[in-house]
Amino acid sequence: MAAQEIAGWRHIYSGKVRDLYEPESGADDRVLVVASDRISAYDHVLSSEIPDKGRVLTQLSLWWFEQLSGVPNHVLSTDVPSEVAGRAMICRRLEMYPVECIARGYLTGSGLAEYRDSQTVCSLPLAPGLVDGSRLEKPIFTPSAKAEVGEHDENITYDAVVMMVGDDLAAKLRSLTLDIYSRAETIARDRGIILADTKVEFGMSSTGEVTLGDEVLTPDSSRFWDAALYSPGQAQASFDKQFVRDWLTSDDAGWDRVSSPPALPAEVVEKTRARYIEAFERLTGKAFS
Ligand code: ATP
Ligand code: MG
């Protein structure tokens, strides 16, 4: 899939969801980060897009960057080319660290799977008797290693992060991640949303500063649960791609999980779009226009 042409900017990279561009005029340390309407599930980019998803991700990230005052972030400007208006930001170009920084305050997903095997998450021992959705005594840092496109990110231990980036930086990434999680969890809770876990990415700026990059605290990077419906011991009602995952694993989809996933029915697309918008509106208190 060819990336969109944007006057003045040269395409340099496409991830599953975002496309990155650098200034055509030559290297300065800016990068244009464009969020597409693409959606991924089970490590596949789907052939169906979710209308307005790129704008929701970008606007929600910008709102969170503002809430997280004191944490250096990559945003320089939202004055972007008109063809990507609302779904792009001009950012400091970072040298990204090869660690996905995850904080979890609740047990579910890959954390729950590891816990059931060994009563640990990322080798951290946890209390006995926890179930799907249990709140942890205190939030934990559960890093993972960035995988190649199409591969699954792999949970790693804190010691492995130390081996990758050194003692000081590992400690900094952990404390920043846990600080972001705790602050965001409180804000979300006030708005009736449980932030079960979230993933952030950091990189080093050209001036050597550890900087928060990518997107933050969106339904793609986080698990948001409806606090009113929260009930541990089962899967929680969530604001993310749950409709997509549920449909893809249903008999209707008839998908083998190996070949390219089938296109999503219009109803699943529309429900997913509504969910993303609802998350934005509940969190920010603003109408999505
Ligand atoms: P990846 O392609 O890295 O495996 P992904 O599929 O999640 O993961 P996207 O999130 O779609 O990728 O693309 C965003 C990419 O841009 C990520 O690789 C992210 O690390 C990188 N990135 C985000 N912010 C910056 C920045 N300010 N400077 C340089 N790279 C950035
Ligand atoms: Mg990403």
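## E201, a buried loop residue

With a relative accessible area of 6%, E201 is buried. The model described here is predicted. E201 sits in the loop that runs between strand 15 (193–200) and strand 16 (202–204).

The side chain of E201 makes a polar contact of 3.1 Å with the side chain of K199. Setting aside residues up to four places away in sequence, E201 touches M96, E100 and K146, together with T211, L212, G213 and D214.

## Helix 3 against helix 4

Helix 3 covers residues 158–165 and helix 4 covers residues 167–190. Their axes come within 7 Å and cross at roughly 130 degrees. Because of that angle, helix 3 is oblique to helix 4. The crossing of helix 3 past helix 4 is right-handed.

On the helix 3 side, the residues in contact are Y158, V161, V162 and V165. They meet D167, L169, A170, A171, L173 and R174 of helix 4. Sorted by class, this contact has eight nonpolar residues, no polar residues and two charged residues.

## Helix 1 against helix 4

Helix 4 also has a crossing with helix 1 (residues 53–67), where the two axes come within 11 Å at roughly 110 degrees. Helix 1 and helix 4 are therefore roughly perpendicular to each other. This crossing, too, is right-handed.

W63, W64 and Q67 of helix 1 make the contact with R183, A184 and I187 of helix 4. By class, the contact between helix 1 and helix 4 has four nonpolar residues, one polar residue and one charged residue.

## R282 in helix 6

R282 belongs to helix 6, which spans residues 266–284. Its relative accessibility is 26%, so R282 counts as partly exposed. E201, by comparison, is buried at 6%.

Apart from neighbours within four places in sequence, R282 is in contact with R191, G192 and I193, and also with D226 and F239. One of these contacts, I193, lies in strand 15 (193–200). R282 and S82 are 200 residues apart along the chain, and their C-alpha atoms are separated by 27 Å.

## Recap of the two crossings

Helix 4 takes part in both crossings described above. Its residues D167, L169, A170, A171, L173 and R174 meet helix 3, while R183, A184 and I187 meet helix 1. The helix 3 crossing is oblique, whereas the helix 1 crossing is roughly perpendicular.

Conventions
Residues are numbered from 1 along each chain as its sequence is written. Chains are lettered from A and ligands numbered from 1 in the order in which they are written. This is a predicted model: local features need pLDDT of at least 70, side-chain atom pairs count only at pLDDT 80 or more; totals for chains, interfaces and linings use all residues. Side-chain values use heavy atoms; hydrogens and water are left out. Axes are lines fitted to C-alpha atoms, for helices over the stretch in contact, and angles run from 0 to 180 degrees between N-to-C directions. Helices (H or I, at least four residues) and strands (E, at least two) are DSSP runs, numbered from the N terminus. Angles under 35 degrees count as roughly parallel, over 145 as roughly antiparallel, 65 to 115 as roughly perpendicular and the rest as oblique. A crossing is left-handed if the near helix is turned anticlockwise from the far one by less than a right angle, and right-handed if clockwise. Contact means heavy atoms within 4.5 Å. Ala, Val, Leu, Ile, Met, Phe, Trp, Tyr, Cys and Pro count as nonpolar, Asp, Glu, Lys and Arg as charged, and the others, Gly among them, as polar. Buried means under 20% relative accessible area, exposed over 50%, partly exposed in between (1.4 Å probe, protein chains only). A polar contact is a pair of N or O atoms within 3.5 Å; within protein, one must be able to donate a hydrogen and the other to accept it, and residues adjacent in sequence count only if both atoms are side-chain atoms.
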